[in-house]
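Biologist: I'd like to go through this one with you and ask how you know what you say. Can you show me the structure?

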Amino acid sequence: MMKKLFSRALFSYVLGIFVLLIVSGVILNQVVSNYVVLIAVLLTVYIVLLLMLLHVFDKYIKPIKKATKTVGKLVEGNYRARMHHPSYGSIGELSSRINQLARNLSELSIHEQMQSEQLATVFDNTVSGLVHIDQKGYIHLVNRKFLTMFGKKAKDYKGYLYYEVIPNEKIHETVQKAFLYEENVKESITHYKGIDKFYLEIVGAPIFNDRNMLKGAVLVIYDITEMKKLELTRKDFVANVSHELKTPITSIKGFSETLLDGAMDDEEARQKFIRIIYKESQRLQLLIEDLLTLSKLEKEEFQLNIVEVDVKQLLQDITPIMQSKAAKKNINVTINIDSDSTVKIDEDRVKQVILNLLDNAISYTPEDGNITLQVDEVRDQLHIRVSDTGIGIEQEALPRIFERFYRIDKARSRNTGGTGLGLAIAKHIVDVHDGKITVDSKVNEGTTFDVYLPKETAI
Ligand SMILES: Nc1ncnc2c1ncn2[C@@H]1O[C@H](COP(=O)(O)OP(=O)(O)OP(=O)(O)O)[C@@H](O)[C@H]1O
Ligand SMILES: [Mg+2]
């Protein structure tokens with residue numbers, strides 16, 4: 001259109017010049033009789049007019065053409081387009097305003113892009129699953145966490161009705177209630193991914209527009225599995241402690257009542273019952289000591305008492321206690337120490353780990369068995385291995401033996417005086433040393449525990 005206008009103006013301009021030339025030629029013809037002078041004058045006038053035309057073209061028409069082109073690019077979304085034309089006056093003003101507009105548009109678009117990127121980053125990286133559903137029930141957005149929880153790809157959800165692609169009735173109910181009551185609705189569900197069980201808390205939150213009209217809903221899905229597990233562990237722990245305390249207390253109470261009810265006069269019964277009461281109170285004491293140790297180790301402010309210890313010295317203090325216990329069952333204990341170094345560890349705690357492992361080895365190895373305690377160095381770690389030729393542990397039970405109160409055979413373990421806390425304590429101690437404890441076992445062949453501790457434990 002600009003081109004048309006421009007060519008029309010040019011045409012009228014040239015036509016005007018010709019008309020002017022002819023008219024002035026006719027007038028001059030009357031005045032100037034010499035044709036040469038006449039042509040010279042006309043030519044001069046023509047050249048002057050042509051120069052004027054070129055000037056007008058360069059000063060006004062060309063910049064307007066450029067301005068139109070630049071604005072066209074801006075309309076197409078190319079905010080980097082600028083007018084490069086040195087001009088002054090109104091055209092110069094127009095050009096600088098267009099450039100200013102282009103700069104503003106460019107800044108605005110960068111700002112908008114940054115904001116949407118930030119929003120997308122937050123949406124995608126929140127620790128909760130998020131789903132945006134419109135008022136008709138179509139899914140618009142799902143975030144990465146949601147996809148890790150429920151599987152599939154974003155394209156399998158986007159654009160579909162939520163109840164067709166999210167396979168959980170409780171979630172459907174949550175969305176429906178959020179739409180119906182127009183308020184936040186909270187539900188808890190258990191969700192299976194393969195064989196893994198997850199506990200999820202779902203919040204359906206309705207979204208409103210400026211005029212307070214329902215525009216859809218956002219589903220927020222929190223993974224509360226860890227919290228639930230902790231809660232279950234705490235409940236289990238309380239139940240276990242109560243049970244473990246109840247057993248010896250019931251027995252102490254029962255036998256003392258029997259004694260008070262007359263058994264005291266019978267010498268043999270008295271001896272027997274008092275011995276039981278003594279044994280049970282010893283069990284109680286051990287249990288309470290173990291519980292206190294565990295609770296101390298679990299405290300956040302717990303600090304190891306790191307000292308420099310000679311490895312040989314450390315073991316010399318332990319072995320006599322175990323030798324005598326093993327001798328009662330005629331178990332042979334072999335000790336191999338292949339280390340002349342000193343290590344920086346919490347001496348008392350590490351002794352407790354080795355004692356607990358040796359104690360188990362003796363308890364769970366039948367008479368005439370063999371136990372080996374081997375200590376050496378593996379790179380920058382102290383390696384302690386306790387192996388026995390005892391009853392062994394089934395493969396399924398292996399991952400659980402470090403749990404508190406876990407005993408494979410409760411009845412047999414109770415006979416040995418065990419409470420199921422020994423390995424839990426050992427693992428805790430190894431963990432706070434930044435070490436590692438592993439177990440390998442074969443039923444009826446024996447068990448091997450390996451402990452790796454850094455030779456210099458960081459404080
Ligand atoms: N060397 C081993 N051989 C066979 N079973 C073992 C061995 N060490 C541990 N276990 C099994 O692991 C369970 C847990 O051991 P842990 O030391 O924690 O408890 P405990 O020995 O029963 O009681 P305590 O708290 O008095 O040590 C034991 O009950 C036993 O069933
Ligand atoms: Mg034990």
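Biologist: What makes Glu-244, Arg-283 and Arg-407 a network?

Modeller: Those three, Glu-244, Arg-283 and Arg-407, are linked by salt bridges. Keep in mind that this is a predicted model. As for the general idea, side chains of opposite charge can pair when their charged atoms come close.

Biologist: How many salt bridges does the rule give?

Modeller: The count comes to 19.

Biologist: Why is the meeting of Lys-325 and Asp-359 called a salt bridge?

Modeller: The rule wants a side-chain nitrogen of Lys or Arg within 4 Å of a carboxyl oxygen of Asp or Glu. For Lys-325 and Asp-359 the N to O distance is 2.2 Å, so the pair passes. This pair links distant parts of the chain: Lys-325 sits in helix α9 and Asp-359 in helix α10 (residues 347-363), 34 residues apart.

Biologist: Why do Lys-325 and Asp-359 count as partly exposed?

Modeller: Partly exposed is what lies between the cut-offs, with buried under 20% and exposed over 50%. Lys-325 has 32% relative accessibility, so the label is partly exposed. Asp-359 has 27%, so that residue is partly exposed too.

Biologist: What about Glu-347 and Lys-351, what makes them a salt bridge?

Modeller: Their N to O distance is 3.5 Å, and the limit is 4 Å, so they qualify. Both residues lie in helix α10, four residues apart, which is about one turn of the helix.

Biologist: Which of the labels, buried or partly exposed, goes to Glu-347, and which to Lys-351?

Modeller: Set each value against the 20% cut-off. Glu-347, at 21% relative accessibility, counts as partly exposed. Lys-351, at 16%, is under 20% and therefore counts as buried.

Biologist: And how do you know that Lys-455 and Glu-377 form a salt bridge?

Modeller: Their side chains meet at 2.7 Å, N to O, which is within 4 Å, so the rule is met. Here again distant parts of the chain are linked: Lys-455 is in the segment after β12, Glu-377 is in strand β9, and they are 78 residues apart. Glu-377 has 28% relative accessibility and counts as partly exposed.

Biologist: On to the sheets. What makes β7 and β11 edge strands?

Modeller: Start with the order, β7-β9-β10-β12-β11, in an open sheet of five strands with mixed pairing. β7 (332-338) and β11 (436-442) each have a single partner strand, so one side of each is left without a neighbour in the sheet. The twist averages 10° from one strand to the next.

Biologist: How do you know that β10 and β12 are paired?

Modeller: Pairing needs at least two bridges, and seven bridges join β10 (residues 381-388) to β12 (residues 446-454), so they pair. The two strands run antiparallel. In β12, the bridge partner of Gln-381 is Pro-454. Helix α12 (residues 422-432) packs on this sheet, touching β11 and β12.

Biologist: What is the order of strands in the open sheet with antiparallel pairing?

Modeller: That order is β2-β1-β5-β4-β3, again five strands. β2 (139-142) and β3 (185-193) are at the edges because each has a single partner strand. The twist here averages 25° from one strand to the next.

Biologist: What makes β4 and β5 a pair?

Modeller: Nine bridges join β4 (residues 196-208) to β5 (residues 214-223), and at least two are needed, so they count as paired. Pro-206 stands opposite Ala-217 in β5. Helix α7 (residues 225-260) packs on the sheet, touching β4 and β5.

Biologist: Is Phe-273 buried or exposed, and how do you know?

Modeller: Phe-273 has a relative accessible area of 14%, which is under 20%, so this residue is called buried. Its place is in helix α8 (residues 267-298). Leaving aside neighbours within four places in sequence, Phe-273 is in contact with Phe-255, Thr-258, Leu-259 and Ala-263.

Biologist: Then why is Leu-51 called exposed?

Modeller: Leu-51 reaches 55% relative accessible area, and exposed means over 50%, so the name fits. Leu-51 is in helix α2 (residues 35-75). Leu-51 also belongs to a nonpolar patch on the surface with Leu-43, Tyr-46, Ile-47, Leu-50 and Leu-54, with about 550 Å² of accessible area together.

Notes
Residues numbered from 1 in each chain as written. Chains lettered and ligands numbered in written order. Predicted model: local features only at pLDDT ≥ 70, side-chain atom pairs only at ≥ 80, totals over all residues. Heavy atoms only, no water. Patch = residues over 30% accessible without salt bridge, like charges linked within 9 Å, V, L, I, M, F, W, Y side chains within 5 Å. Areas by Shrake-Rupley, 256 points an atom, 1.4 Å probe, with all protein chains shown as cover. Buried < 20%, exposed > 50% of the residue type's maximum accessible area, 1.4 Å probe, protein only. Axes fitted to C-alpha atoms, helices over the stretch in contact; angles between N-to-C directions. Contact = heavy atoms within 4.5 Å.
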